[in-house]
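Please open the structure in the viewer and keep the sequence panel at hand. The tour proceeds by successive selections, each followed by a description of what is found there.

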Amino acid sequence: MGENTPKIPDPSFFGEEVGRWDGDTLVMDSIAFKDEKVWIDENANPHSDALHVVERWSRPDADHIHVETLIEDPKYYTKPFA
C-alpha cells in the first residue's frame, strides 16, 4: 500500500481502493466495505465487512475495455467467484 493509504481503512459503501499497474492492466484492490444495506450485485447478493474485490481493467484494442472481477467474502461464501 502507498504512503497515503491509511493503515486502518475507514469502512465505506465503496470500500477503500488501491490501484496499481500490472503491465498494461490496471488492478484495483478494494477492502473495507460497510456491511449494511449494500449488495455486491444487481441480484441483491449480500456481503460482509470481510468483502475483498479485485478488478483487472485492460484494453485489448481501441474499441474495447475488458474487466475481470474477483469477489471473495469468507463470511458469506465458501470460495471466491468472478
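Leaving aside neighbours within four places in sequence, which residues is Ser48 in contact with? Select Ser48 in this predicted model: the residues in contact are Asp35, Asp73, Lys75 and Tyr76. Ser48 lies in the loop between strand 2 (25–31) and strand 3 (52–61). Its relative accessible area is 5%, and it is therefore buried.

**The sheet**

Next, display the strands. They form an open sheet of 4 strands in the order 1-2-3-4, with antiparallel pairing. Strand 1 (16–22) and strand 4 (64–72) stand at the edges; each has a single partner strand, so one side of each lacks a neighbour in the sheet. On average, neighbouring strands of this sheet are turned by 20° against each other, direction ignored. Now restrict the view to strand 2 and strand 3, which run antiparallel and are joined by 5 bridges.

**Asp29 and its surroundings**

Select Asp29, a residue of strand 2. Its bridge partner in strand 3 is Val54. Is Asp29 buried or partly exposed? With a relative accessibility of 32%, Asp29 counts as partly exposed. Not counting residues up to four places away in sequence, Asp29 touches Glu16, Glu17, Val18, His52, Val53 and Val54. Add His52 to the selection: the two residues are 23 apart in sequence, while their C-alpha atoms are 7.5 Å apart in space. Their side chains make a polar contact of 2.5 Å.

**The nonpolar core**

Move to Val53, which is also touched by Asp29. Beyond its neighbours within four places in sequence, Val53 is in contact with Met28, Asp29, Ser30, Phe33, Thr69, Leu70 and Ile71. Extend the selection to Phe33, Ile40, Leu51 and Ile71; together with Val53 they make up the largest nonpolar core, 5 residues in all.

**The aromatic cluster**

Finally, return to Tyr76, one of the residues in contact with Ser48. How many aromatic pairs does the structure hold? There are 2. In one, the ring centres of Tyr76 and Tyr77 are 6.1 Å apart and the planes stand at 40°, so the pair is tilted. Tyr77 and Phe81 form an edge-to-face pair, with 5.2 Å centre to centre and 75° between the planes. Select Tyr76, Tyr77 and Phe81 together, since they form one aromatic cluster. Colouring by accessibility shows Tyr76 as partly exposed at 47%, Tyr77 as partly exposed at 22%, and Phe81 as partly exposed at 29%.

Methods: Residues numbered from 1 in each chain as written. Predicted model: local features only at pLDDT ≥ 70, side-chain atom pairs only at ≥ 80, totals over all residues. Heavy atoms only, no water. Helix = DSSP H or I, 4+ residues; strand = E, 2+ residues; numbered from the N terminus. Buried < 20%, exposed > 50% of the residue type's maximum accessible area, 1.4 Å probe, protein only. Contact = heavy atoms within 4.5 Å. Core = buried A, V, L, I, M, F, W, Y, C linked by side-chain atoms within 4.5 Å. Pairing = 2+ DSSP bridges. Axes fitted to C-alpha atoms, helices over the stretch in contact; angles between N-to-C directions. Polar contact = N/O pair within 3.5 Å; in protein donor to acceptor, adjacent residues only side chain to side chain. Phe/Tyr/Trp six-rings, centres within 6.5 Å; stacked < 30°, edge-to-face > 60°.
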